[in-house]
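The following report describes one molecular model, with attention to its local contacts, its ligand sites and its overall architecture.

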Amino acid sequence: MNIHEYQAKELLARFGVPVPEGRVAETVEDVREAARALGGGVVVKAQIHAGGRGKGGGIKLADGPDAAADHAAAMLGKPLVTPQTGARGRIVRKVYVTRALNIDHEYYLGLLIDRAASKLLVMASAEGGVEIEKVAAETPEKLLKLHVDPIAGYLPWAGRRLGYGLGLAPAEVNAFVKLLGGLIKCFERCDASLVEINPLVRTPQGELFALDAKINLDDNGLGRHADLAELRDLHEEEPLEVEASRVGLNYIKLDGTVGCMVNGAGLAMATMDIIDLAGARPANFLDVGGGASKEAVTKAFQILLKDPDVRAVLVNIFGGIVRCDRVAEGVIAAAREVALDVPLVVRLQGTNAKQARALLEQSKLPLEVAEELDEAARKVVAAAGGTR
Ligand code: GDP
Ligand code: MN
């Protein structure tokens, strides 16, 4: 789960990480008030779950309340397009008003899990700011790394070495060691999967601040963090994914033209691969789970067909726990109920597959039945308008 910058900074502050003072606001008047309360120069920052906001016009410096209000008026309620949002952008519903800092240097600091090493990995660079991906790709030697052993924990000498590696002065290194300790504690206590500070800044006075903050929380850990689960912002999620998760279905939006209804994640992967191999791309996949009940299948159809990118649907279900004839009944009932208006290809294999095919053929619905996976893929790709 993703959270907003203002939420991430409130969390970090609890762990002693220095962040610029700020207030979140949803209206122009609240922005004006926040700027007045903070005093002096402020930054108005669009709160969306995507980076690159500076490049898209979502980060604006203002010398006072009126200028801050003007910037907020230009952002609030409007879509913000950044290199990470796609062309449609995301609607800005909140802005974060922070005290503007004078920046002497921008660093990069990122914490994530290194699965291969089974350790937390800290990455740091003196080349922080907006182009860290470029640094990693072109000059990887400028990206310093530190593994944190889960048993020994974070040791100050390792933090000091990293700080000196970044070229910090001795007094700054002390602040850095403490700041990194706070980040690591936050990462571990919150069950995060990513904590990224880009940029970490040094002011002309030699102070360090987390100027930006991105935190991803591990969904599997949310069960033990009721307070963090509340930070979820449904506006930032794909509406159909939210609708599916409410009824216990797993829906993932993709960018192709073929809607996929499957049971089980492994079959979903195989189905997407074979659609790709047949020359088209999946528009989404919807995992109805092991059970694949009639209700689940009906709801799944409703969700799939709301996706305007879907030009044909492939149902690919393996009847193991659930019998294929039951699934076929569900598919038939659902197709009738939702007034299916795109071509449908159905492949059912497993228990009672023969009876299932007979039911589908007798239904007189405009659907195609397939036995083999490659055959199903070819049929659905043709039905969706052919190869790309
Ligand atoms: P992002 O573009 O979404 O990554 O948003 P950031 O919060 O990282 O801001 C982008 C850039 O705006 C930073 O790298 C800074 O150069 C600039 N910026 C943000 N806040 C301040 C500030 O308080 N003072 C100054 N001078 N620049 C800022
Ligand atoms: Mn940033």
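A polar atom of the side chain of Ser 125 lies 2.9 Å from the backbone oxygen of Lys 142, and a polar atom of that side chain is also 3.0 Å from the backbone nitrogen of Glu 127. Polar contacts are pairs of N or O atoms within 3.5 Å; within protein, one atom must be able to donate a hydrogen and the other to accept it, and residues adjacent in sequence count only if both atoms are side-chain atoms. Ser 125 belongs to strand E8 (residues 119-125) and counts as buried because its relative accessibility is 0%. Buried means under 20% relative accessible area, exposed over 50%, and partly exposed in between (1.4 Å probe, protein chains only).

This is a predicted model, in which local features need pLDDT of at least 70 and side-chain atom pairs count only at pLDDT 80 or more, while totals for chains, interfaces and linings use all residues. Residues are numbered from 1 along each chain as its sequence is written, chains are lettered from A and ligands numbered from 1 in the order in which they are written, and side-chain values use heavy atoms, with hydrogens and water left out.

**Ligand 1**

Ligand 1 is surrounded by 16 residues (a heavy atom within 4 Å), and the closest are Lys 45, Arg 53, Gly 54, Leu 101 and Glu 106. The polar contacts of the ligand include the following.

| Ligand 1 atom | Protein partner | Distance |
|---|---|---|
| Oxygen | Glu 106, polar side-chain atom | 2.6 Å |
| Nitrogen | Leu 101, polar backbone atom | 2.9 Å |
| Oxygen | Gly 52, polar backbone atom | 3.3 Å |

On its own, ligand 1 has 570 Å² of accessible area, of which the protein covers 83%; such areas come from the Shrake-Rupley method with a 1.4 Å probe, and for residues only the protein chains shown count as cover. At least two shell residues come from each of strand E2 (42-46), helix H3 (53-56), strand E3 (59-62) and strand E10 (192-202). Helices (H or I, at least four residues) and strands (E, at least two) are DSSP runs numbered from the N terminus. Ligand 1 lies between domain 1 (21-99) and domain 2 (105-229), because both give residues to its shell.

**Manganese site**

Asn 198 (O) and Asp 212 (OD) are the protein donors of the manganese ion (ligand 2), at 2.2 Å from it. Asn 198 is in strand E10, whereas Asp 212 is in the loop between strand E11 (208-210) and strand E12 (214-217), 14 residues apart. Donors are N, O and S atoms within 2.8 Å of the metal (3.2 Å for Na, K and Ca); water is not among the atoms, so sites may look incomplete. Asn 198 counts as buried because its relative accessibility is 14%. The peptide bond from Asn 198 to Pro 199 is cis, with omega near 10°.

**Backbone and overall architecture**

Ser 118 has a positive phi of about 55° although it is not a glycine; this residue sits in the loop between strand E7 (105-114) and E8 and is exposed, with a relative accessible area of 54%. Lys 364, likewise not a glycine, has a positive phi near 65° and is exposed at 73% relative accessibility.

The protein has 388 residues, of which 47% count as buried, and its secondary structure comes to 14 helices and 18 strands. The domain assignment, automatic or from a database, also gives domain 3 (239-383). The centres of domain 2 and domain 3, taken over C-alpha atoms, are separated by 43 Å.
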